[in-house]
Amino acid sequence: MKNYERFISFEGIDFCGKSTQTAILLETLQEKGINVHLLREPGGTIISEKVRSIILDKAHLEMHAKAEILLYSAARAQLVHQKLLPLLEEGEYIIADRFYDSTTAYQGYGRQLDVAFVQQLNHFATSGLRPAKTLFIDISPEEALRRQKAGERQKDRLENESARFFQLIYDGYQRLIKEAPERFIVIPGEDSIENVAKNIQETVFKIWNQE
Ligand SMILES: Nc1ncnc2c1ncn2[C@@H]1O[C@H](COP(=O)(O)OP(=O)(O)OP(=O)(O)O)[C@@H](O)[C@H]1O
Ligand SMILES: [Mg+2]
């Protein structure tokens with residue numbers, strides 16, 4: 001297996017279950033003795049976590065969309081070069097809770113920046129590193145709103161956005177999936193946490209040729 005094939009990312013709109021599912025998957029893979037790391041975006045290094053706190057700070061209502069995308073890209077560039085590439089070089093496995101598709105979906109399609117430029121920026125920030133596969137956990141924008149209302153989790157700055165923004169992002173992801181059908185795997189997300197986890201586990205075992 002080539003080293004970059006040991007890298008898969010998880011994508012989907014807010015509340016689809018990325019963090020829930022990647023945590024379960026991490027544990028399952030570790031129990032099998034696989035050397036696997038879970039990275040979250042934005043974050044994963046000291047610098048990237050500091051940038052994350054600037055991005056998500058509820059007080060930063062005046063943040064311009066261009067500043068926002070450059071901060072995400074800065075956090076990603078640091079993560080890729082300081083941590084992700086060296087780990088892949090050592091033959092480690094990596095699962096990422098969001099990667100550059102989130103930037104294309106949220107900043108490109110959601111905030112309506114030039115999508116072609118966003119993709120160039122993604123390429124620049126990652127030096128062209130691409131996940132071998134991307135699992136898109138699929139829930140509707142309506143289900144996302146239901147989970148947002150049901151949860152007691154405090155809303156961060158980005159989650160105060162409107163239902164229309166959720167829809168734009170969802171539609172953006174659909175376009176990305178159409179453009180790269182060989183990379184994306186759609187995982188139905190409106191099922192119990194256990195069933196979704198089982199599906200993800202089987203899918204990932206298949207990708208990485210595990211029993
Ligand atoms: N299959 C599911 N059915 C119902 N609720 C779920 C399911 N999976 C996760 N949830 C709940 O939805 C909420 C969001 O889950 P989670 O934090 O994993 O989503 P996320 O995709 O990481 O969101 P974000 O993009 O905001 O980080 C949590 O309260 C979680 O318990
Ligand atoms: Mg999450």
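In this predicted model, Asp-138 has Pro-188 in β5 as its bridge partner. This pairing belongs to the contact between strand β4, which covers residues 133-138, and β5: the two strands run parallel and are joined by five bridges.

From these two strands the view may be widened to the whole sheet. The sheet is open and consists of five strands, arranged in the order β2-β3-β1-β4-β5 with parallel pairing. Its edges are formed by β2 (36-40) and β5 (184-188); each of these has a single partner strand, and therefore one side of each is left without a neighbour in the sheet. On average, and with direction ignored, neighbouring strands of this sheet are turned by 20° against each other.

Attention now passes from the sheet to the empty space in the model. Rolling a probe the size of a water molecule over the atoms reveals where such space is left. The second largest pocket has a volume of about 230 Å³. Its lining comprises 15 residues, and those nearest the centre of the pocket are Tyr-100, Asp-101, Gln-119, Arg-130 and Arg-183.

Which elements give two or more residues to the lining of this second largest pocket? They are the helices α4 (100-110), α5 (115-126) and α7 (163-179). The largest share comes from α5, which supplies four residues of the lining. Sorted by class, the lining of the second largest pocket contains six polar residues, five nonpolar residues and four charged residues.

Methods
Residues are numbered from 1 along each chain as its sequence is written. Chains are lettered from A and ligands numbered from 1 in the order in which they are written. This is a predicted model: local features need pLDDT of at least 70, side-chain atom pairs count only at pLDDT 80 or more; totals for chains, interfaces and linings use all residues. Side-chain values use heavy atoms; hydrogens and water are left out. Two strands pair if DSSP finds at least two bridges between them. Axes are lines fitted to C-alpha atoms, for helices over the stretch in contact, and angles run from 0 to 180 degrees between N-to-C directions. On a 1 Å grid over the protein atoms alone, a cavity is a set of points where a 1.4 Å probe fits but cannot get out, and a pocket is an open set with protein on both sides within 12 Å along at least five of seven lines; lining residues have an atom within 4 Å of a point. Grid points are joined across faces, edges and corners, and a volume is the space filled by probe spheres set on the points. Ala, Val, Leu, Ile, Met, Phe, Trp, Tyr, Cys and Pro count as nonpolar, Asp, Glu, Lys and Arg as charged, and the others, Gly among them, as polar.
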